[in-house]
Structure formats: structure tokens, C-alpha cells
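Hi everyone, thanks for coming. Please have a look at what is on the screen, and then I'll walk you through it.

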Amino acid sequence: MFESLGERLQNALHKIKGYGKINEDNISDMMREIRLALLEADVNYTVVKEFTNNVKEKALGEEVQRSLKPGDLFVKIVKDELTALLGGEQKPLNLVGNPSILMLVGLQGSGKTTAIGKLSNLLRKKHSKKPLLVACDVYRPAAIDQLKQIGKQLNIEVYEEGKKDPVEIAKNAINYAKANNYDYVLIDTAGRLHIDDNLMDELENIRININPQEILLVIDSMMGQDAINVIEGFNNKLPLTGVILTKLDGDTRGGVALSVRHLTNVPIKFIGTSEKMDGIDYFDPERMAGRILGMGDIVSLVEKVQAEIDEKEAQNAAKKLQSGKFDLEDFLTQMKQIKKLGPLENLLKLIPGASKLGLNNVNIDPKQLGHIEAIILSMTPKERHNPDIIKASRKTRIAKGCGLSVQEVNKLLTQFEQMKKMMKQFSNGNMKFPF
């Protein structure tokens with residue numbers, strides 16, 4: 001997500017940070033690089049022109065001219081303008097109502113049905129509330145079955161009445177939700193390959209009859225600038241409250257995210273971050289601007305860890321490390337917790353300065369984590385608690401048990417001992433971090 005754009009912008013900003021003074025001459029080259037980076041990322045030309053004009057005007061202002069570190073102030077200007085371009089501030093969901101009703105709309109192939117599952121899962125986790133999924137896409141083959149499968153996977157109930165009138169299904173679902181104390185109703189509506197009158201009339205009829213608090217348009221970010229036309233097409237007929245951008249984790253240039261709010265005035269509320277059912281995040285313009293410019297996103301990293309990692313187990317592991325009692329059983333437990341956070345390379349990108357440290361292009365093979373787990377599970381409880389007893393014959397047995405080589409068993413044991421020593425030094429304050 002935004003890797004190519006981020007790298008180019010960071011390289012441009014790195015140059016200007018070395019300037020003792022910012023003037024018309026050196027700012028022109030800088031703005032040309034920024035302009036090309038944005039255009040290559042498929043940002044709308046009008047948006048690019050306005051963005052670069054605003055940055056240049058502020059960069060040549062009196063405050064920057066008098067600054068002792070004009071380069072740093074220029075970086076701040078770019079970040080502020082980028083944040084404004086992305087929407088300025090996070091737009092929360094309107095969750096008033098009992099139950100709160102969220103209506104998801106979009107074209108076929110945008111990932112709408114998957115997005116509704118991800119969103120219901122997020123709402124349940126974040127707010128500890130009870131969601132109900134409603135199958136109102138009665139035209140696409142297997143749409144109802146797909147939603148039911150997602151509901152089964154997440155253990156979230158799906159309300160469906162087969163191929164009946166979508167308006168009546170939606171109304172009946174809300175009555176059902178009220179009678180059974182559901183907090184949220186998420187309605188999966190029909191899509192088309194393109195916007196047409198029949199589609200919009202049906203969606204408008206549903207909206208009038210259920211009066212949803214949120215009407216969220218699901219857009220495939222791989223569409224590029226065509227997404228703007230789709231948003232405007234829907235928004236002309238329905239009062240959209242927000243956009244969910246899917247597939248931002250794929251091979252996309254990200255330009256649509258930088259153009260949506262400015263051109264349509266419809267805020268981005270969520271972004272898809274992976275194909276998994278927890279692969280959706282609230283969209284925060286300031287945090288996203290920081291990520292693009294290589295400033296990281298420690299807040300998101302901390303939130304992700306807090307949501308997935310068991311605090312009590314983490315504290316116990318820290319105490320064991322300090323006392324030297326941390327064993328392979330503890331290591332296995334911690335590794336399983338880390339796997340809950342998703343692909344590790346995605347987490348590394350949230351660390352400030354990740355690109356400079358070479359962490360943006362790190363690829364961690366999930367098979368390697370699987371190998372480590374298999375080796376430890378092939379050990380007896382006694383061996384896990386006391387790795388020192390693992391000699392040649394035991395190593396051979398462990399290797400055969402997990403289908404790997406003795407060399408890989410040796411490698412794990414060596415790395416585990418090195419990690420234990422290093423972590424103990426950190427926890428005792430005898431070692432300083434290299435920054």
C-alpha cells in the first residue's frame with residue numbers, strides 16, 4: 001500500500017532536509033519530483049496541481065524563510081497538506097439507533113459481501129456488540145450462500161429469506177433484530193456490473209424503508225480513477241456517508257485514496273488491509289499521511305498489539321525472561337500470539353523510519369514460522385522446558401518427528417539461546433538500543 005509513492009516522496013523530502021535555505025530555485029525541482037510521484041501513483045491531475053501549488057506557496061512563506069530548520073518545516077507542510085487531502089480527520093461511524101443500521105452498496109466484484117463480514121467482525125471486536133448480517137442481494141448467484149458461509153466462519157447470524165423482495169427482507173430483518181436484541185444490522189445489497197436505474201431505484205427503496213444511519217459504498221481501489229465516477233454515480237442517487245476502499249493491500253498505486261475526498265466530498269471510513277476476516281481498519285488521514293512519508297504509525301501498531309496479544313501472558317513471559325526461566329514452551333506461546341497480528345512484514349512497515357532501515361521490502365516466509373512450530377511440537381514437554389538436555393540422539397528423533405533436518409533443529413536451538421541472552425540484557429538495562 002503506497003510503497004512506490006512513499007519511497008519517491010521520502011527520497012524527495014530527504015534532499016530538501018539538507019538545505020540551509022528554501023528558495024524559488026531549489027523548491028521547483030522538489031515540487032517537480034513530488035508532482036511526478038503523485039501522478040505516477042494515479043492521483044487525479046487536478047488534485048495534484050492544487051496540492052503542489054498549496055505546498056509551494058506555504059514553503060515559500062515567511063515562516064519557512066525565518067526557520068532555523070526550513071527542511072523540517074517543509075516536511076511538516078507536506079504532511080499537513082497530505083493529511084488534508086486524505087480528509088483531514090477520521091470520520092467515525094454514526095452508530096446511534098437501536099439497532100444501528102448500516103447499508104453497504106457497490107458494484108459487482110468490489111468485494112462488498114466480504115467487506116460486510118469484515119466490518120461486522122470489527123464492530124463486534126471494537127465495541128463488544130452483537131451484529132446481524134442481512135442477505136438482500138437476491139440476484140447474484142450464490143450471493144446468499146457466500147454471506148452465510150462468512151457468517152458461519154465468524155459465528156455471526158445471517159438473516160435471509162431467499163429470493164424474495166429485498167425491501168421486505170430488509171424491513172423484516174430489522175424487526176427481527178429488535179426482537180432479538182441485536183445492536184447492529186448490516187445489510188448486503190445487490191450490485192451490478194455498472195450503475196443503472198433499476199439498481200439505484202431498488203437501493204433507494206431500501207433506504208427509504210429502513211432509514212439507515214450509514215450508507216457505505218464499497219470500492220475496489222484497483223479501479224483507479226474510474227472509482228471517482230462510481231462514487232459520484234452512487235452519491236447522486238443515494239446520500240452516501242462513507243467509502244470502504246478494498247484491496248489496498250494488493251498491487252495498487254493508491255491514487256484513488258488521495259483523490260476521493262477532495263473530488264467527491266465523501267469520506268473514506270475504512271480500508272481493506274488483507275484478505276483475512278480481520279483485514280479491515282478504520283481510515284485515519286493523519287496516520288496514513290505519516291505512513292506514506294515513512295514516519296510510521298506507532299499508534300496503529302500499539303492498537304493492533306493490544307487487540308490481539310494477551311497482556312497477562314506477555315507480562316508472564318517478560319518476568320520469565322528476566323529470571324532466566326523463559327523456555328521453548330513460552331517461546332511457542334508467544335509465537336502463536338504474534339501470528340495473530342497478521343503478516344509480520346506489514347507490522348514492520350508501521351515502525352517509524354522503516355524504509356530507511358530496509359524494513360519496507362522484508363519478506364518473511366510463513367513456512368519458516370511453521371517449521372519452528374513443528375520442531376517445538378515434536379519435542380517432549382521435558383525438552384521444551386529444558387532445551388539443554390537436547391543432545392544428538394534427541395535432535396535426530398525431533399527432526400524425524402517434524403520432517404525437517406537436524407541442521408534446522410540446531411539452528412532453532414542456537415537462535416533461541418541467542419535471543420534469550422539478548423532479551424535478558426535488554427530487560428536488565430545492560431544493553432542500549434542502536435538508535
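**A walk through the sheet**

Let's start at one spot: Leu133 stands opposite Val158 in strand 3. A quick word on what you are looking at: this is a predicted model, where local features need pLDDT of at least 70 and side-chain atom pairs count only at pLDDT 80 or more, while totals for chains, interfaces and linings use all residues. Residues are numbered from 1 along each chain as its sequence is written, and side-chain values use heavy atoms, with hydrogens and water left out. When I say helix (H or I, at least four residues) or strand (E, at least two), I mean a DSSP run, numbered from the N terminus.

So, where does that pair belong? Strand 2 and strand 3 run parallel and are joined by 2 bridges. Two strands count as paired if DSSP finds at least two bridges between them. On another flank, strand 2 pairs with strand 4 in the parallel sense over 5 bridges, and there Leu132 stands opposite Val185.

Is strand 2 buried or exposed? I call a residue buried under 20% relative accessible area, exposed over 50%, and partly exposed in between, using a 1.4 Å probe and protein chains only. For strand 2, residues 131–135, 5 of the 5 residues are buried, so the strand is largely enclosed by the rest of the structure. Pro131, Leu133 and Ala135 sit on one side, with Leu132 and Val134 on the other. As a reminder, in a regular strand the side chains alternate between the two faces of the sheet.

Now step back to the whole sheet. It is an open sheet of 8 strands in the order 3-2-4-1-5-6-7-8, with mixed pairing. Strand 3 (158–159) and strand 8 are the edge strands, each pairing on one side only. Helix 10, residues 226–235, packs on the sheet and touches strand 1, strand 5 and strand 6 (242–246), and its direction makes about 155 degrees with that of strand 5. Contact here means heavy atoms within 4.5 Å. The axes are lines fitted to C-alpha atoms, for helices over the stretch in contact, and angles run from 0 to 180 degrees between N-to-C directions.

Next, strand 1. This strand, residues 100–105, has 6 of its 6 residues buried. Ser100, Leu102 and Leu104 point one way, and Ile101, Met103 and Val105 point the other way. Strand 1 pairs in the parallel sense with strand 4 (residues 184–188) over 5 bridges, where Leu104 has Asp188 as its bridge partner. Strand 1 also pairs in the parallel sense with strand 5 (residues 214–220) over 4 bridges. Across that pairing, Leu102 stands opposite Glu214 and Met103 stands opposite Ile215.

**Backbone oddities**

Most residues other than glycine have a negative phi, and most peptide bonds are trans. With that in mind, which residues does a cis peptide bond join? They are Asn98 and Pro99, with omega about 5 degrees, and Pro99 lies in the loop between helix 5 (70–85) and strand 1.

Ser128 has a positive phi near 50 degrees. Ser128 is in the loop between helix 6 (112–127) and strand 2, and at 64% relative accessibility it counts as exposed. Asn181 has a positive phi of about 60 degrees; Asn181 lies in the loop between helix 8 (166–179) and strand 4, and counts as exposed at 61% relative accessibility.

**Two helices to finish**

In helix 2, residues 24–40, the buried residues include Ile27, Met30, Met31 and Ile34. On the other side of helix 2, Asp25 and Asp29 are exposed. Just after helix 2, Asp42 takes a positive phi of about 70 degrees.

Helix 11, residues 255–264, has 8 of its 10 residues buried, so this helix is largely enclosed by the rest of the structure. Among them are Val256, Leu258, Val260 and Arg261. Just after helix 11, Asn265 takes a positive phi of about 65 degrees.

That's my tour. Thanks for listening!
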